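Trainee: Could you walk me through reading the features of a model, one at a time? I would like the general idea and then the case at hand.

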Amino acid sequence: MASLTSSPHSCQLKSVFLGVRGRLCVNSAPVTRISFIKKVVECKESRIGKHPIEVPKNVTIALEGQDLKVKGPLGELSRTYPREVKLERLESGQIKVSKAVETRRANQMHGLFRTLTDNMVVGVSKGFEKRLQLVGVGYRAMLEGRDLVLNLGFSHPVRMAIPNGIQVKVEENTRIAVSGYDKCAIGEFAAAVRKWRPPEPYKGKGVKYADEIVRRKEGKAGKKK
């Protein structure tokens, strides 16, 4: 049997772990040092949040720490703000919403709470309105005291209690106007009404918002003979 021998010039193995061992010639390479670079994430100021909020003369504002109370001719609203958001009353009477800390979460809340604050001021001074429309044969709505009664093709009419602070009007038995000073409450009640019978995509029957565009689908064509 032939013997296996190795010479100093018979192999050129490179390794970062092994050196010269036995009769094998091994070249060692330097270990590369791994370094971590700390990068500071800069949060830009919100384009919506940087604008101050105009306060009408008929609106009273009480600011205590993170609690804000807004009172106007239509009602009164209050809100507690998180620690990432700071409110201040300017000398001009405007309200400014700014970030208390430079974090990504604060940057996300900046524009949101500026919009919520503006909705509070507009709500107690002018109010908001949401309109719904009933589409379908036999679909109609009526008011019975503080209840909204809907006939939407079920075996029984749907009765919904109207929350405090919200006014509901029914026009021509198929048009519903929801108004009030709390925009969130108006949107929630209107969405609850629409949820009973959302508009279907073939004939458009159901309860839809007045400005809603229902995407229609083409029905199945009958089999040709």
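**Strands, helices and a cavity**

Mentor: Let's begin with pairing: strand β8 (residues 128–135) runs antiparallel to strand β13 (residues 175–180), and six bridges link the two. Keep in mind as we go that this is a predicted model.

Trainee: Which residue is the bridge partner of E129 in β13?

Mentor: That partner is S179. Strand β8 also pairs in the antiparallel sense with strand β14 (residues 206–209), over four bridges. There, Q133 of β8 has K208 in β14 as its bridge partner.

Trainee: And where do the side chains of a strand point?

Mentor: As a general idea, side chains in a regular strand alternate between the two faces of the sheet. With that in mind, we can look at a sheet here: three strands in the order β3-β4-β5 form an open sheet with antiparallel pairing.

Trainee: Why is one side of β3 and of β5 left without a neighbour in the sheet?

Mentor: β3 and β5 (76–80) are at the edges and have a single partner strand each, so one side of each has no neighbour in the sheet. From one strand to the next, the twist averages 10°. Inside the sheet, strand β4 (residues 67–71) is joined to β5 by five bridges in an antiparallel run, and L68 stands opposite R79 in β5.

Trainee: What lies across β4 and β5?

Mentor: Helix α1 (residues 104–125) does, and it runs at about 165° to β5.

Trainee: How many aromatic pairs are there?

Mentor: The count comes to two aromatic pairs. One of them is formed by Y81 and F113, with 5.5 Å centre to centre and 55° between the planes, and it is classed as tilted. Y81 sits in the loop between β5 and β6 while F113 belongs to helix α1, so this pair ties together parts that are 32 residues apart in sequence.

Trainee: β6 has come up now. How many residues lie between β6 and β7 in their hairpin?

Mentor: Five residues lie between them, and G93 in the turn has a positive phi of about 95°. Strand β7 (residues 95–99) runs antiparallel to β6, with five bridges joining the two. V85 has K99 in β7 as its bridge partner.

Trainee: How should I read the other open sheet, with the order β9-β10-β11?

Mentor: Read the order and pairing, then look for the edges. This open sheet of three strands has antiparallel pairing, and its edge strands are β9 (140–144) and β11 (158–161), each pairing on one side only. On average, neighbouring strands of this sheet are turned by 25° against each other, direction ignored. β9 pairs with strand β10 (residues 147–151) in the antiparallel sense over five bridges, and A141 stands opposite L150 in β10. Helix α2 (residues 183–195) lies across β10 and β11, running at about 170° to β11.

Trainee: Last topic: how does one find empty space inside a model?

Mentor: The general idea is to roll a probe the size of a water molecule over the atoms, which shows where empty space is left. Here the count comes to one cavity of 30 Å³ or more, and about 30 Å³ of space lies in the largest cavity.

Trainee: Which residues line the largest cavity?

Mentor: The lining consists of I61, L63, L68, E88, R89 and I95. By class, that makes four nonpolar, no polar and two charged residues. β3 (60–64) and β6 (85–89) each supply at least two residues of the lining. You met L68 earlier, as the residue opposite R79 in β5.

Terms used: Residues are numbered from 1 along each chain as its sequence is written. This is a predicted model: local features need pLDDT of at least 70, side-chain atom pairs count only at pLDDT 80 or more; totals for chains, interfaces and linings use all residues. Side-chain values use heavy atoms; hydrogens and water are left out. On a 1 Å grid over the protein atoms alone, a cavity is a set of points where a 1.4 Å probe fits but cannot get out, and a pocket is an open set with protein on both sides within 12 Å along at least five of seven lines; lining residues have an atom within 4 Å of a point. Grid points are joined across faces, edges and corners, and a volume is the space filled by probe spheres set on the points. Ala, Val, Leu, Ile, Met, Phe, Trp, Tyr, Cys and Pro count as nonpolar, Asp, Glu, Lys and Arg as charged, and the others, Gly among them, as polar. Two strands pair if DSSP finds at least two bridges between them. Axes are lines fitted to C-alpha atoms, for helices over the stretch in contact, and angles run from 0 to 180 degrees between N-to-C directions. Contact means heavy atoms within 4.5 Å. Rings of Phe, Tyr and Trp (its six-membered ring) pair if their centres lie within 6.5 Å; planes under 30 degrees apart count as stacked, over 60 as edge-to-face and the rest as tilted.
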